[in-house]
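Q: Could you take a close look at one part of this structure, the open sheet and the elements that pack on it, and explain how its pieces fit together?

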Amino acid sequence: MASDILVEPLHLKLRELLNEVQLDYSPAFTTLVDDTISAIKEAISKIPEGFQVGADEAPGFVKDLSADKVAFKFKKPTTIEVGGSYAIRCIAKPDVNIDLFVRLPKDCFHEKDYLRYRYHGKRCLYLCIIKKYLKSSSLLGRIEWSALQNEARKPILVVYPATASAEIPAFCVRIIPTATSLFSLAKLNATRNNIRALQKGDVSEATPKYNCSILEDMLMEELAEFVRGAFVTWKELGEALILLKVWARQRTSIYGHDCLNGYLISILMACLATEPGRRRINKSMNAMQIFRVTLDFIANSKLWENGLSLWFPNEAKITKEKLHSELDPTEEMKERKQRLQSFPGVICDPSGYFNLAFRLSKTGFTELRNEASLTGDCLEKCRGGGFEETFLTKIDFPAKYDYCIRLNLKGNAGVHTSGYCMDDECWRLYEEKTRDIISQGLSNRAKLIRVLWRNWIPNYHIEDGFSSLDKEPLLVGITIDTFDKSLRVVDIGPDAENKEEVARFLRLLSEFVWRFYPLVVDINNDLTPEDEKEINENFLLSRKGYEDNPQSINHLMFLATEYDRQSEAWTASSPNSAELKRLVAYARSSGNLLSQLILQDQNDPYGWERIFRTPLNNYDAVVLLHGDKLAHPERCLFLSEVNQGLHVARGNATKDFNPLMVRKDMKGGSLDQLKMKLMVDFDPLRCFLVDLEEEYGDTFKLWYDALGGDAIGLTWSSKPTPTSKKRGREENGNDDDIVNVLKSVGETGKGFVRSVHLLKAPKAAC
């Protein structure tokens with residue numbers, strides 16, 4: 001079989017992936033979106049103007065911000081416009097969010113409301129009023145609070161349509177306030193202090209992140225137009241953006257509030273496609289080429305040292321020249337220096353004041369460039385162009401890091417001792433504090449430490465303030481440097497914990513495409529290109545005839561090493577197709593559960609048991625054994641139980657054999673009598689399975705844990721014959737025959753079988 005039949009060309013795989021994740025902007029979908037947006041606009045239009053809005057709309061929020069002078073008279077939004085990925089048709093499923101920009105009216109704000117969180121307070125109160133009136137619309141369903149990029153001081157409203165249809169993708173509308181032209185941009189440059197209480201001694205400290213938080217709203221519409229201009233007629237650029245979103249979402253260490261998001265990716269790509277990015281991306285490129293160029297820029301560009309700067313065409317509402325005229329050259333240089341000191345990564349808007357990457361942390365930026373570099377290497381060196389590794393493999397915290405720590409800080413007042421919000425939010429400051437402490441303790445034993453606190457929680461009521469935003473644990477992921485450094489005698493460093501290694505192993509089992517790729521183990525880099533060619537030829541030979549009969553191929557798991565290039569040592573005879581399918585399914589479910597336990601519920605003892613228990617409800621019948629009669633009872637970690645189906649048989653444990661000789665066996669007997677009790681290499685499970693195979697091999701397939709399980713799963717054969725081979729009884733296909741067969745199974749294992757359960761009768765007997 002030709003290799004191009006076995007391994008689809010990369011461009012076909014990419015097309016299939018894009019077809020799967022691209023949103024279908026069908027008339028039915030766009031009509032429902034338009035109707036939902038129209039309902040939102042209509043509800044807002046009904047809000048009367050001129051009434052007084054005060055802190056009592058969200059008392060906890062205003063109090064925790066320490067904001068003053070937040071009262072205002074309500075005015076309707078200046079404009080309401082669709083933005084974000086929906087506007088440029090670059091939404092990547094499954095997250096279908098429609099961004100709706102609501103421009104806050106200038107009449108609701110005073111000239112100096114950029115000071116002391118007054119803007120943030122009024123912004124939240126304005127949304128509280130909108131939320132009240134949205135509830136009156138019959139076309140709108142659930143309305144929730146969320147936070148813009150996990151920033152609690154910048155809440156947004158999430159609105160769901162009242163109607164849903166299986167044919168239309170589920171979506172929500174995110175109402176995001178914008179603040180175009182509200183304040184002087186120069187008042188929000190990186191060197192200014194706009195929170196008077198924030199000082200070191202008698203010197204006021206700059207508040208660059210606070211300032212950027214306001215500038216983001218002021219320039220959001222302008223930047224959205226910049227992105228729209230780059231993407232709107234460029235199909236390949238949009239497809240590359242979707243590929244980058246898929247790539248980033250598969251890597252939870254970089255797709256977060258302190259690193260990367262879809263908006264930042266689109267800004268970066270728009271920059272690289274225009275003059276600010278020296279047109280590194282051009283219209284002769286396809287989507288995958290654009291994807292590669294963007295990753296290479298993230299990983300290797302030296303422009304990051306001085307920051308990227310955007311500029312807009314001359315017809316833009318805000319020009320670079322106009323904005324920079326507000327600062328003299330000396331102040332501009334001082335502002336630029338402060339910006340580079342305050343932020344590890346800089347992408348400046350045309351004004352020169354706003355860093356679009358202001359949430360990017362130092363470790364987040366390091367992790368991002370590292371992942372981009374690793375992916376670039378994978379695209380060059382991995383088989384099949386690295387498609388599966390790049391786009392289909394989930395790399396979450398447990399799979400990424402050698403050591404994972406969860407810090408439960410619920411109720412810890414030390415987190416917000418200095419207040420919830422200063423220049424940055426207290427949760428971000430605590431991330432940095434934790435990172436510094438662990439870094440000092442581990443020194444050069446760890447290459448990376450990733451600290452992340454996703455403090456926002458679903459269904460949160462922002463009106464109550466920030467006191468409950470500590471329920472989620474703070475996550476720490478540690479990558480060790482070298483084995484020698486990590487195990488120094490003076491101060492032992494962390495080595496990879498067992499659970500993290502198990503998580504990685506389960507990911508490999510569940511996500512590797514076993515049918516179409518060989519797994520080549522070359523720990524010491526001993527294989528030459530000729531060796532790899534030989535392995536690939538052997539692999540293709542093992543897949544000969546796949547198109548005619550996929551079930552006929554040998555070596556479903558092709559595991560090759562330097563000394564075993566034909567996969568004869570480990571997987572020549574097993575697993576077969578059904579076994580591999582079950583193995584992959586169990587690995588996937590167990591891997592997902594293990595990741596959940598590591599990140600969220602480590603204290604759940606039953607949850608940990610489920611990792612090592614086979615879910616018995618997947619079988620048609622189950623035979624439970626007496627665990628103390630197994631050859632190695634100590635290996636049976638948890639006693640299996642079945643609480644469903646028909647209880648067919650129950651049996652007591654025999655006294656004829658035991659896995660161990662106890663003291664009473666050695667009393668009062670002769671040597672010959674002791675020899676009679678001693679059984680060498682006797683495994684009752686193995687003997688029982690042989691008997692069942694001989695007796696019922698055509699009736700069902702056996703599934704068991706040879707290392708120490710106390711349960712045997714039975715699945716009916718494709719054409720089940722509910723009889724014994726030896727008895728040769730005539731098949732009549734009713735449930736009584738099935739029950740009788742299972743009772744016979746219990747009789748075959750009398751003294752060893754604890755109970756037998758029928759969960760599902762075979763289809764042929766229904």
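A: In this predicted model, Ala621 has Leu758 in β21 as its bridge partner. That pair belongs to a longer match, in which strand β17 (residues 621-625) and strand β21 (residues 753-758) pair in the antiparallel sense over five bridges. Strands of a sheet are held to one another by backbone hydrogen bonds, and the pairing may be parallel or antiparallel.

Stepping back to the whole sheet, five strands make up an open arrangement whose order is β18-β21-β17-β20-β19, with antiparallel pairing. At the edges lie β18 (646-650) and β19 (700-704), each of which pairs on one side only. From one strand to the next, the twist averages 20°.

Two helices can then be placed against these strands. Helix α23 (residues 684-696) lies across β17, β19, β20 (711-716) and β21, and runs at about 165° to β19. Helix α24 (residues 735-748) also packs on the sheet, where it touches β17, β18, β19, β20 and β21, and its direction makes about 165° with that of β21.

Finally, the side chains link this picture to the nonpolar cores. The largest nonpolar core has 151 residues, and those touching the most other members are Leu134, Phe231, Trp247, Phe391 and Phe466. A second core, separate from that one, holds 27 residues, among them Ala621, Leu702, Val739 and Leu742. Ala621, the residue bridged to Leu758, is therefore buried, because a nonpolar core is defined as a set of buried residues, and Ala621 is included in this second core.

Methods:
Residues numbered from 1 in each chain as written. Predicted model: local features only at pLDDT ≥ 70, side-chain atom pairs only at ≥ 80, totals over all residues. Heavy atoms only, no water. Core = buried A, V, L, I, M, F, W, Y, C linked by side-chain atoms within 4.5 Å. Buried < 20%, exposed > 50% of the residue type's maximum accessible area, 1.4 Å probe, protein only. Pairing = 2+ DSSP bridges. Helix = DSSP H or I, 4+ residues; strand = E, 2+ residues; numbered from the N terminus. Axes fitted to C-alpha atoms, helices over the stretch in contact; angles between N-to-C directions. Contact = heavy atoms within 4.5 Å.
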